[in-house]
There are 2 protein chains.
Amino acid sequence: MDPRLENSSFKIIDWPLSEVRLKDNAHFPWIMLIPRVSASITEIADLSSEEQKILMDEITQLSTAMRAHFSPDKLNIGALGNIVSQLHIHVIARFQHDLCWPHSVWQANIPEQSYPIEKRDQLIHQLHTLLS
Amino acid sequence: MDPRLENSSFKIIDWPLSEVRLKDNAHFPWIMLIPRVSASITEIADLSSEEQKILMDEITQLSTAMRAHFSPDKLNIGALGNIVSQLHIHVIARFQHDLCWPHSVWQANIPEQSYPIEKRDQLIHQLHTLLS
């Protein structure tokens, strides 16, 4: 895994295709699906048809769980990869009162904010239970 | 279709699930897939399993065509919907020399720029051929 992905997030659980990781940004409930395929794969279209099907199932499962747990106003789902090209899919719970609403979380000028350790560990534990 | 989607883009073609539309923003080759389902559907997870499968196929088909036609450095794919909640999926060809690289196209402070009419009509024609 690209170290920039690894160093900016925490593992929650392994799913059939993807490693599921919490982004270390306390501004938003933000989870990444990182397919355990070659790091040279940068686009969803590079996955096999079977891998794409599993990815869509994992996006849906994660979306459903995040809606139940966080009750967001909207989910934002994105596969960008301009900075870290290894394929990773963001699923972010958005709220009308959050830092960037109604804009995207991918703003040039919004610094990330790490979780306090205790809150982070508690959230990872909750999410591990939720996504098991 | 939500009028804000309709008024900011031009129809290219109808695919099995989605209407395929060119976003009227000359800064980036930017195409939207708008599933022809109820406008009250706001999340990918709200689609049926069969619709999700078709959507993934359409994302892949559009990605492949845009890579062939535009030769971008990266594709950006996103389903956000904070402003227009009706489900729509953005597929955007990104270049290291474009206006927002390496940041997302969804910046709070970047105005859109309409296509000149002749260029727009030519591009829609090209894309219609490419995506038929």
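By what turn and what shift along the axis can chain A be laid on chain B? A turn of 180° with a shift of 0.0 Å along the axis lays chain A on chain B with an RMSD of 0.0 Å, where the copies are superposed by least squares on the C-alpha atoms of residues with pLDDT of at least 70 in both. The two copies are therefore related as by a two-fold rotation axis. In chain A, the C-alpha of G78(A) is the one nearest this axis, at 2.1 Å from it. Both copies use the same surface, since 100% of the contact residues of chain A recur in chain B.

Before going further, the reader should know that this is a predicted model, in which local features need pLDDT of at least 70 and side-chain atom pairs count only at pLDDT 80 or more, whereas totals for chains, interfaces and linings use all residues. Residues are numbered from 1 along each chain as its sequence is written, chains are lettered from A in the order in which they are written, and side-chain values use heavy atoms, with hydrogens and water left out.

We can now turn to the interface. Contact here means heavy atoms within 4.5 Å, and by that rule 31 residues of chain A are in contact with 31 residues of chain B. The size of an interface is often given as the accessible area lost when the parts come together. Chain A and chain B bury about 2900 Å² between them, with 53% of it on carbon and sulfur atoms; this buried area is the accessible area (1.4 Å probe) that the two parts lose on being put together, summed over both. Of the area that chain A buries against chain B, M56(A), K74(A) and N82(A) supply 22%, more than any other three residues.

The two chains also meet through polar and charged groups. Between chain A and chain B there are 28 residue pairs in polar contact, both residues being at pLDDT 80 or more; a polar contact is a pair of N or O atoms within 3.5 Å, and within protein one must be able to donate a hydrogen and the other to accept it, while residues adjacent in sequence count only if both atoms are side-chain atoms. On the side of chain A that touches chain B, helix 2 (49-70) and strand 4 (74-79) of chain A each supply at least two residues, and helix 2 of chain A gives the largest share, seven residues. Helices (H or I, at least four residues) and strands (E, at least two) are DSSP runs, numbered from the N terminus.

Four salt bridges cross the interface of chain A and chain B, a salt bridge being a side-chain nitrogen of Lys or Arg within 4 Å of a carboxyl oxygen of Asp or Glu. In one salt bridge, R67(B) pairs with D46(A), their closest N and O atoms being 3.0 Å apart. In another, the side chains of K74(B) and E43(A) meet at 3.0 Å, N to O. This pair joins two chains, because K74(B) lies in strand 4 of chain B and E43(A) in the loop between strand 3 (30-35) and helix 2 of chain A.

Strand 4 of chain A and strand 4 (residues 74-79) of chain B run antiparallel and are joined by three bridges, where strands pair if DSSP finds at least two bridges between them. Within this pairing, I77(A) stands opposite A79(B).
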